[in-house]
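Please keep the structure open in your viewer while reading, and make each selection in the order in which it is described. The tour passes from one site to the next, with a stop at each.

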Amino acid sequence: MQRFDNAREAALALRPDDPVYCFRPEVLKQDCREFMSMFPGKTAYAVKTNGEKMVLKALAEAGVTAFDVASPQEIADVRAIAPQAEMLYMHPIKAQSHIRLALEEYGIRVIAIDHEDEVVKLTRVVKALDIDPASITVFVRIQTKGSAAYELSKKFGAGPATAVELADRLARGGFKVGLCFHVGSQIEDPDTYERALASADWVRNRAEAEIVALDVGGGFPAEYGHDPNRKKPEMPSLGQIMSRLRGDITEWGFGETPLVAEPGRVIVARAFSLIVRVLLRKGRRLYINDGIWASLSDSWTGKITLPARFIPDPAIRHRNGDKQKVVPFRVCGATCDSVDILSRPFWLPETVDTGDWIEIGHIGAYSLSLRTRFNGFYPDTFVEIATPFDAGAAPEGFASLETMAD
Ligand SMILES: *Cc1c(COP(=O)(O)O)cnc(C)c1O
């Protein structure tokens with residue numbers, strides 16, 4: 001992988017017409033270590049957030065020894081990169097053949113469920129393979145309510161009374177029993193975790209089963225951009241969320257219970273930026289070479305404001321407009337699909353033109369992992385960058401939350 005000091009150098013050296021991912025392994029390791037130093041339990045990185053081999057490798061080097069996996073492919077990828085690492089198979093709904101593969105081929109012994117039929121599948125596999133159920137920890141996923149950029153609580157999780165039944169059923173079957181939840185992604189209200197802890201406490205108090213572990217899931221927020229023309233929105237830092245969570249864990253009586261977290265976004269968001277090129281400027285519209293079917297779907301659906309830097313092409317000698325003036329541009333994606341128009345503008349210097357580049361920051365989470373091959377556009381070029389996106393002068397633009405008039 002080619003290495004540069006910053007994205008501007010990379011853009012001017014390569015003059016790329018296709019999107020380029022700028023990987024920052026040192027930032028990734030730093031954010032990972034910071035999370036691990038703050039969380040009082042085991043950190044299992046959620047592979048779905050960004051399962052690139054370079055990411056898994058850097059995380060293993062940073063000291064991650066556990067990974068939250070959801071599919072045979074994720075399991076194989078982790079095993080190939082970090083053969084010693086523990087894997088937690090936390091997708092609550094699985095094909096029976098995948099459960100068998102996980103237990104038999106990969107020796108996985110931590111698994112999540114949220115329905116009695118999943119217990120039936122698991123029990124069948126355990127019997128067929130003649131495994132002692134006491135060697136397996138089964139986490140019962142509890143339904144939670146909350147506010148997140150992404151709400152996953154509606155899709156998965158057992159209601160509290162069902163969770164009690166599942167826990168007891170598993171214990172009777174000889175399994176070790178844990179409780180888990182996942183409150184969604186980009187949580188900005190620490191009450192969300194407390195409500196989930198209260199549910200876990202309710203379940204524990206009514207279950208006969210001994211609860212041997214608690215998994216608080218992911219959802220920890222990453223830092224993104226904000227509209228510089230407005231007051232920075234009040235948002236708790238990771239440190240504040242974590243110290244509140246640690247307090248709530250003790251308060252709800254889980255202080256002595258072994259803990260697990262499954263962070264994704266908070267660890268990997270800052271580790272990548274993306275260089276895109278303006279293929280055409282048409283008035284206040286920019287047609288770029290990426291879009292919602294490639295790297296930008298998360299910021300689109302999650303209504304996330306990403307910081308952006310303008311990288312003017314020095315070959316453009318004459319420009320119109322005022323370079324100090326930052327104005328909104330509607331952004332059209334690369335594909336021929338009419339949906340592929342970002343719902344939010346990019347705010348950039350008025351002088352931006354056809355042929356310029358834009359570096360979009362903090363895009364490591366759910367960008368590469370969600371890209372498609374639609375229309376034959378599949379960004380897959382990587383460079384390594386030595387300095388953080390935030391190094392140097394403040395970004396002059398951003399991909400905003402503001403709605404704009406057409
Ligand atoms: C997606 C997911 C995560 C990671 O969520 P982030 O918001 O990226 O931290 C963790 N656990 C489960 C079960 C998930 O589905």
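Helices and strands are taken here as DSSP runs, at least four residues for a helix and at least two for a strand, and are numbered from the N terminus. With that numbering, H362 can be placed in the loop between β16 and β17. Please bear in mind throughout that this is a predicted model.

**First stop: the loop between β16 and β17**

Select H362 and inspect its backbone, where phi is positive, about 55°, although the residue is not a glycine. H362 counts as buried because its relative accessible area is 4%, and the cut-off for that word is under 20%. Next select Y366, which lies in the loop between β16 and β17 and has a positive phi near 55°, again in a residue other than glycine. Y366 is buried, with a relative accessible area of 13%.

**Second stop: the ligand**

Keep Y366 selected and display the ligand, since a polar side-chain atom of Y366 lies 2.6 Å from an oxygen atom of the ligand. Taken alone the ligand exposes 390 Å², of which the protein buries 92%. Which residues come nearest to the ligand? Of the 15 residues around it, these are K48, S185, E262, R265 and Y366. By class, that shell has 3 nonpolar, 7 polar and 5 charged residues. At R265, look at the backbone rather than the side chain, for a polar backbone atom of R265 is 2.8 Å from an oxygen atom of the ligand.

Now select H182, found in the loop between β8 (176–180) and α8 (191–206). A polar side-chain atom of H182 lies 3.5 Å from a nitrogen atom of the ligand, and the side chain of H182 also reaches the backbone nitrogen of G218, at 3.1 Å. Is H182 buried or exposed? H182 counts as buried, because its relative accessibility is 12%.

**Third stop: salt bridges**

Side chains of opposite charge can pair when their charged atoms come close. The count for this model comes to 23 salt bridges, and a few of them are worth selecting in turn.

Begin with E384 and R3, whose side chains meet in a salt bridge with an N to O distance of 2.9 Å. E384 lies in strand β17 (residues 381–385) and R3 in strand β1 (residues 2–4), so the pair ties together parts that are 381 residues apart in sequence. R3 is exposed, with a relative accessible area of 56%.

Move on to E52 and R371, where the salt bridge is 2.8 Å from N to O. E52 lies in the loop between β3 (42–46) and α3 (53–62), and R371 in the loop between β16 (357–360) and β17, so this pair ties together parts that are 319 residues apart in sequence. R371 counts as buried, at 8% relative accessibility.

Then select E194 and R244, which also form a salt bridge of 2.8 Å, N to O. Here E194 in helix α8 is linked with R244 in helix α9 (residues 238–251), distant parts of the chain that are 50 residues apart. R244 is partly exposed, with a relative accessible area of 26%. To finish this stop, select R15, D17, R277 and D313 together, which are linked in a network of salt bridges.

**Last stop: a patch on the surface**

Select W293, V339 and F374, which make a nonpolar surface patch of about 250 Å². V339 lies in the loop between β14 (326–332) and β15 (346–349) and counts as partly exposed, at 39% relative accessibility.

Methods: Residues numbered from 1 in each chain as written. Predicted model: local features only at pLDDT ≥ 70, side-chain atom pairs only at ≥ 80, totals over all residues. Heavy atoms only, no water. Patch = residues over 30% accessible without salt bridge, like charges linked within 9 Å, V, L, I, M, F, W, Y side chains within 5 Å. Areas by Shrake-Rupley, 256 points an atom, 1.4 Å probe, with all protein chains shown as cover. Salt bridge = Lys/Arg side-chain N within 4 Å of Asp/Glu carboxyl O. Buried < 20%, exposed > 50% of the residue type's maximum accessible area, 1.4 Å probe, protein only. Near = heavy atom within 4 Å. Polar contact = N/O pair within 3.5 Å; in protein donor to acceptor, adjacent residues only side chain to side chain. Nonpolar A, V, L, I, M, F, W, Y, C, P; charged D, E, K, R; others polar.
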